[in-house]
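Biologist: I am new to this model and would like to know how its labels are earned. Could you take me through them?

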Amino acid sequence: MNARKTSTTGTSRIRRTALHRTATALAASAAAVSLAACGVVDVGSSAEASPTKGDDITVGVLFPDKETKRYEQFDLPIMKKKIGELTDNKATVQYANADKDPETQIEQLERMVTDKVDIIVVDAVDSKSIASAVETADKAGIPVIAYDRLAQGPIDGYVSFDNELVGQVQGRSLVEKLGDSAANKIVMMNGSTTDPNAAMFKEGALSELGDKVTISETYDTKDWDPVVAKANMEEAVAKLGAGNIDAVYAANDGIAGAVIGVLKASGVSKVPPVTGQDADLDAVQRIVAGDQYMTVYKSFPLEANAAAEMAVAKVQGRSIEFDALAKDSVDSPTTKKIPAQLVPPVALTKKNIADTVIADGIYTVKQICTAEYRADCDALKLN
């Protein structure tokens, strides 16, 4: 028997509990099936107790790439600090970055299993291919927490953002900026097909864009690579003409930067609205300058701290299900009812830079308002 699909797009599906702040529930299966017979693990119903350990633990952390600046600039140091606070600074963090290579990440995870770390937090390069390594960890008795992207295999917990809502925020921002008119022609520059989040971003964006705009061209961006995005955008401009593009849905800030570079090189008098995600410093500066319309700010401290708390609790044998550490549950194609913590995203535009990345201490005014952007910052009263 084949495992039932949790979404028509193949993305994971969130099952929200009453504790979650969002009132709208996503669709769950209406049919009762035997998950065991389908080869699908139900984590939520597992009675197996976690091993109890003290503060002297080793936490393995695996990140997918170095181009996404937030990972090593924010997520890793925040996670390390929180793990230290939770373990009286007795814990060790073993870190590796796969630099976009799924095979490298599999080897890194398996090496951590060989090294007998106590728990692994993984942000998967390829959510499907990592499943075999997650299975190896599970057989060795090492729990795995999926971070930011939902990996397949017997995952014990998941910490990320509400990824469909991220896409909704992006799509809604474009519609609000452009107005509700099918005459508005946009280009969709989506993320990597190996990242399940990218499909959810796209799904969320399309739910807002719908028939309110005309989507002239759509591209996927292999490995979230800005070089690929640049080539795709050059193709879109050649097909449509830069003057016929009213806006661009760019799935993240790396893609947004490439898109804006192509549009400027094509000679547009004013860059049309371009979305983004991750609130990279250069993206915030582009927003200040008026080149990028918005980005999605995802509170890295909230996400990284939540992952640290979940990892330490799991290793120390404390429940993480449906409490402050995991208010939700998610289904992957291989595992059901994975305890999850989903952090809400925020649309960042010129209007709320001070209330988001500056207020949270992500960037200082001095970092944003360099000489090149001083006049723009003064106009926004960023001082």
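**How the labels are earned**

Modeller: Let's begin with Asp-99, which lies in the loop between β4 and α2. Helices and strands here are DSSP runs (helices H or I, at least four residues; strands E, at least two), numbered from the N terminus. The model is predicted, so local features need pLDDT of at least 70 and side-chain atom pairs pLDDT 80 or more, while totals for chains, interfaces and linings use all residues. Residues are numbered from 1 along each chain as its sequence is written, and side-chain values use heavy atoms, with hydrogens and water left out.

Biologist: What makes Asp-99 count as partly exposed?

Modeller: Its relative accessibility is 44%. Buried means under 20% relative accessible area and exposed means over 50%, with partly exposed in between (1.4 Å probe, protein chains only). The value of Asp-99 falls in between, so partly exposed is the right label. Asp-99 also has a positive phi of about 50 degrees, although it is not a glycine.

Biologist: Which label does Lys-116 get for its accessibility?

Modeller: Lys-116 has 67% relative accessibility and therefore counts as exposed. It sits in the loop between α2 and β5 (119-122). Lys-116, too, is not a glycine, yet it has a positive phi, of about 60 degrees.

Biologist: And why is Val-248 called buried?

Modeller: The relative accessible area of Val-248 is 0%, so it is buried. Val-248 belongs to strand β10 (residues 247-250). Its C-alpha is 10.0 Å from that of Thr-218, with the two positions 30 residues apart in sequence.

Biologist: How do you know that Cys-369 and Cys-377 form a disulfide?

Modeller: Their sulfur atoms are 2.1 Å apart. A disulfide is a pair of cysteine sulfur atoms within 2.5 Å, so the pair qualifies. A search of the whole structure finds 1 disulfide. Both Cys-369 and Cys-377 are buried.

Biologist: What makes this disulfide left-handed?

Modeller: The torsion about the S-S bond of Cys-369 and Cys-377 is about -90 degrees, and therefore the disulfide is left-handed.

Biologist: Why do Glu-67 and Lys-100 count as a salt bridge?

Modeller: Side chains of opposite charge can pair when their charged atoms come close. A salt bridge is a side-chain nitrogen of Lys or Arg within 4 Å of a carboxyl oxygen of Asp or Glu. Glu-67 and Lys-100 have an N to O distance of 3.5 Å, so they meet that limit. The pair links distant parts of the chain: Glu-67 is in the loop between β3 (58-63) and α1 (70-86), and Lys-100, 33 residues apart from it, is in the loop between β4 (92-97) and α2. The structure holds 23 salt bridges.

Biologist: What is the N to O distance for Lys-82 and Glu-85?

Modeller: It is 3.8 Å, and the two side chains meet in a salt bridge. Both residues lie in helix α1, 3 residues apart, about one turn of the helix. Their labels are opposite: Lys-82 counts as buried at 18% relative accessibility, whereas Glu-85 is exposed at 51%.

Biologist: Which residues make up the negative surface patch?

Modeller: The patch is formed by Glu-72, Asp-99, Asp-101, Glu-103, Glu-107 and Glu-110. Patches are made of residues with over 30% relative accessible area and no salt bridge; like charges are joined within 9 Å, and nonpolar side chains (Val, Leu, Ile, Met, Phe, Trp, Tyr) within 5 Å. Lys and Arg count as positive and Asp and Glu as negative, while His and the chain ends are not counted. Each charge is placed at NZ of Lys, CZ of Arg, CG of Asp or CD of Glu. The areas come from the Shrake-Rupley method with a 1.4 Å probe, and for residues only the protein chains shown count as cover. Glu-110 has 33% relative accessibility, so it passes the area limit of over 30%. Glu-110 is in helix α2, and that helix (residues 102-114) gives the most to the patch, with 3 residues.

Biologist: And which residues form the positive surface patch?

Modeller: Those are Lys-177, Lys-270, Lys-350 and Lys-351. Lys-177 is in helix α4 (residues 163-178). Its relative accessible area is 47%, so Lys-177 is partly exposed and passes the patch limit as well.
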